[in-house]
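Hello, and thanks for sharing this one. Here are a few friendly notes to read alongside the model, mostly on charged pairs, with one serine at the end.

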Amino acid sequence: MIRLHRIRIVACSRWLCTSHSKPLGYNISVCGETGQGRFFFRKLSTSTNRRTIMPAWVIDKYGGNEVLRFTKNASFPIIHYPNEVIVKVHAAALNPIDISMRGGYGAATLAMRRDPLNINQSGREFPLVLGRDVSGVIMECGLDVAYFKPGDEVWAAIPPWKQGSLAEFVVLSGNEVSHKPKSLSHSDAAAVPYVAATAWSVLVNTGGVNKDNCGKKRNADHWWLRWSGNICYPDVEGLGRHVTVTCSQNAEGLVRCLGADHVVDYTAGDMAAQLKSLEKFDLILDNVGGDTEEWALDFLKPWAGAKYVTLVTPFLVNTDQLGVADGMMQNGVTVTRKTLKHLCKGVHYRWGFFSPSGPALDEVSEMVDAGQVRPVVEEQFAFAQVPQAFLKLEKGHARGKTVVNVVTGNEGT
């Protein structure tokens with residue numbers, strides 16, 4: 001009797017071959033007769049120069065700018081799941097969340113996300129690589145990745161629980177990656193993904209904005225330019241919705257250039273008084289917090305499905321201060337109380353969160369190439385100048401994204 005067995009072995013190509021450009025799935029055919037058999041192997045090769053380390057900026061503890069450390073010995077990312085890809089970073093961009101994460105913001109929640117069963121010891125996230133924006137080139141694909149191939153130029157917004165983009169390589173899920181807009185360089189493209197993914201999540205998923213329901217609807221955005229980035233408002237304008245933005249006078253020209261239909265200067269006096277002369281809104285996006293909730297309700301259309309969406313939530317602060325269980329309970333109490341308060345006035349209250357999404361970035365990429373979204377880059381830094389880039393962002397004067405060009409000197413390796 002002859003039996004035929006077919007075995008599939010999955011391995012990372014940097015273990016088994018010299019090229020980073022081909023996903024592996026080696027087949028071993030085993031056949032035999034009366035206990036004797038022959039084995040047929042695909043030719044395997046091992047490289048004495050395989051990559052195990054890479055240069056990166058890391059932190060070994062939470063703190064200020066002094067905790068940033070450059071190393072040439074960061075662990076090379078490995079594909080653990082068949083839907084993952086390895087991206088060679090060409091440019092990264094910094095966001096305020098990177099400053100917050102450097103100081104320990106969200107550490108409790110992110111630790112739970114990284115290790116749901118609490119198997120690892122506290123502090124196992126170190127050394128931690130920061131950076132949420134990336135633009136680069138696919139170097140290797142997992143076996144189940146069909147939409148991308150090695151050599152594709154891509155961009156992505158990296159989830160905060162994963163290692164970031166201030167490194168030579170980063171590993172991501174194929175669902176988090178999108179083809180980079182053809183009209184943008186890597187440096188300009190790196191300014192977009194995190195803000196774009198956040199805007200898409202807040203406006204489309206939470207706010208319910210889409211091309212089919214945008215006709216004659218209005219939304220107001222209360223924003224602080226440095227923190228909200230440079231893309232939320234063109235996104236909405238590109239969907240056909242009327243946009244009113246509150247900002248300082250020195251930012252008026254920029255936000256109008258980015259697509260705002262009406263601008264309210266919050267430094268010119270009582271902002272609520274200025275908004276009274278305007279038609280009421282279907283959606284208010286709050287990017288600042290503070291006392292905005294107290295006056296914003298009066299400017300939403302009551303009992304018409306209008307929404308107040310805020311990005312300033314106590315979600316991570318509560319879990320950091322109270323622990324995961326008590327923090328989640330406090331979050332539930334807070335959002336329930338505020339939801340009921342807003343429902344009494346005929347409007348909906350929502351918390352908005354960043355959500356990594358390759359399909360959303362596909363949509364944004366089309367808008368970029370169509371001229372509906374334009375990145376604003378404040379300043380570009382070399383990879384060796386990452387601490388200076390953090391300081392630039394911390395000063396609070398940036399009117400666009402702070403971009404780091406990742407040139408490691410290892411091109412082609």
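1. **A buried glutamate.** Let me begin with E176: its relative accessible area is 9%, so this residue counts as buried, the limit being under 20%. Please keep in mind that the model is a predicted one.

2. **The partner of E176.** E176 makes a salt bridge with K162, and their closest N and O atoms lie 3.0 Å apart. The two residues come from distant parts of the chain, 14 residues apart. K162 sits in the loop between strand 8 (153-157) and strand 9 (169-173), while E176 belongs to the loop between strand 9 and strand 10 (177-179).

3. **A second loop-to-loop pair.** K301 and D282 also form a salt bridge, here with 3.3 Å between the closest N and O atoms. This pair again links distant parts of the chain, 19 residues apart. You will find K301 in the loop between helix 10 (292-296) and strand 15 (307-310), and D282 in the loop between helix 9 (271-275) and strand 14 (283-286).

4. **Surroundings of D282.** Is D282 buried or exposed? With a relative accessible area of 12%, D282 is buried, because the value falls under 20%. D282 and K301 do not stand alone, either: together with E279 they are linked in a network of salt bridges.

5. **A helix-to-strand pair.** K392 forms a salt bridge with E378, and the closest N and O atoms are 3.8 Å apart. That value is within the 4 Å cut-off for a salt bridge. K392 lies in helix 14 (residues 386-394) and E378 in strand 17 (residues 377-382), so the bridge links distant parts of the chain, 14 residues apart. Both ends are partly exposed: K392 has a relative accessible area of 22%, and E378 has one of 32%.

6. **The overall count.** How many salt bridges does the structure hold? There are 13, and the pairs K162 with E176, K301 with D282 and K392 with E378 are among them.

7. **A serine inside.** Finally, take a look at S135 in strand 7 (residues 133-141). S135 is buried, with a relative accessible area of 0%. Beyond its neighbours within four places in sequence, S135 is in contact with V89, H90, A91, V154, W155, K180, H186, A189 and A190. V89 is 46 residues from S135 in sequence, yet their C-alpha atoms are 6.1 Å apart in space.

Note on methods
Residues are numbered from 1 along each chain as its sequence is written. This is a predicted model: local features need pLDDT of at least 70, side-chain atom pairs count only at pLDDT 80 or more; totals for chains, interfaces and linings use all residues. Side-chain values use heavy atoms; hydrogens and water are left out. A salt bridge is a side-chain nitrogen of Lys or Arg within 4 Å of a carboxyl oxygen of Asp or Glu. Helices (H or I, at least four residues) and strands (E, at least two) are DSSP runs, numbered from the N terminus. Buried means under 20% relative accessible area, exposed over 50%, partly exposed in between (1.4 Å probe, protein chains only). Contact means heavy atoms within 4.5 Å.
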